[in-house]
Amino acid sequence: MPSISGQSILVLGGSSGIGAAVAKLALEQGVHVFIASSNSTKVAKAVEALQNAAPNAKVSGFTINLDTPRIEEEVFLQYSCILRTNHGCDLQGPRQTSYS
């Protein structure tokens, strides 16, 4: 399998469970990881835990409302913004928070 080092990945639900495990594995492969979840406290704690597990890794997180009927469009816009700016954009006013 080709190396994924240096790539970027957005993990929805990356603050816990399988999503957090995927984020951790990706960090170990040298990937810039962005995690997204609806709970800002969980996102902040997950980013901190991932940074502690891999201090030189690139990890960022933000909250996003996964209950919106236009979730696909919001995720596409957020990921497009990540690729342009290297951090999340404010798509939802004060609810949107970036951690890194």
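**Close-up 1. Val 33 of strand S2 sits opposite Val 59 of S3 in this predicted model.** Those two residues belong to a parallel pairing: S2 and S3 run alongside each other in that sense over 5 bridges. On the S1 side, Val 33 of S2 has another partner, since Ile 9 stands opposite it. Strand S1 (residues 8-12) also pairs with S2 in the parallel sense, again over 5 bridges.

**Close-up 2. Strand S2 is mostly covered.** How many of its residues are buried? The count is 6 of 6. His 32, Phe 34 and Ala 36 point one way from the strand, while Val 33, Ile 35 and Ser 37 point the other way, and all of them are buried.

**Close-up 3. Ile 35 is a residue of strand S2 (residues 32-37).** Is Ile 35 buried or exposed? Its relative accessible area comes out at 0%, so it counts as buried. If you skip the neighbours within four places in sequence, Ile 35 still touches a fair list of residues, including Val 11, Gly 14, Ser 15 and Ala 23. Val 43, Ala 46, Val 47 and Leu 50 are on that contact list too, along with Ser 60, Gly 61 and Phe 62. For a quick distance check, pick Ile 64: it lies 29 residues from Ile 35 in sequence, and the two C-alpha atoms are 9.9 Å apart.

**Close-up 4. Strand S3 (residues 59-63) is largely enclosed by the rest of the structure.** Why say so? Because 5 of its 5 residues are buried. Both faces of S3 are covered: Val 59, Gly 61 and Thr 63 are buried on one side, and Ser 60 and Phe 62 are buried on the other.

**Close-up 5. Helix H2 (residues 40-53) joins S2 and S3 in a right-handed β-α-β unit.** With 14 residues at 1.5 Å each, H2 should span 20 Å, and its end C-alpha atoms are indeed 20 Å apart, so the two agree. Which residues of H2 are buried? They are Val 43, Ala 46, Val 47 and Leu 50. Looking down the helix axis, these buried residues fall within an arc of 100°, so they line one face of H2. Each of the four also turns up among the contacts of Ile 35. Turned away from the buried side of H2 is a face that carries the exposed residues Lys 45 and Asn 52.

**Close-up 6. S1, H1 and S2 make another β-α-β unit, and its hand is right-handed.** Helix H1 covers residues 17-28 and has the highest confidence in the protein, with a mean pLDDT of 95.

**Close-up 7. Confidence is lowest in strand S4 (residues 98-99), at a mean pLDDT of 49.** Over residues 93-98, pLDDT stays under 50, although the model does have 18 contacts beyond four places in sequence for this stretch. For the protein, mean pLDDT is 81, and 82% of residues reach 70 or more.

**Zoomed out. The protein has 3 helices and 4 strands.** From the N terminus on, the elements go β-α-β-α-β-α-β. Of the 100 residues, 36% are buried. As for the contacts with a separation of 6 or more, 60% come from residues 24 or more positions apart.

Note on methods. Residues are numbered from 1 along each chain as its sequence is written. This is a predicted model: local features need pLDDT of at least 70, side-chain atom pairs count only at pLDDT 80 or more; totals for chains, interfaces and linings use all residues. Side-chain values use heavy atoms; hydrogens and water are left out. pLDDT is the predictor's confidence in each residue, from 0 to 100. Contact means heavy atoms within 4.5 Å. Buried means under 20% relative accessible area, exposed over 50%, partly exposed in between (1.4 Å probe, protein chains only). Two strands pair if DSSP finds at least two bridges between them. A crossover is right-handed if, with the strands pointing away from the viewer, the path from the first strand over the helix to the second runs clockwise. The expected span of a helix is 1.5 Å times one less than its number of residues. The arc is that of the directions from the helix axis to the C-beta atoms.
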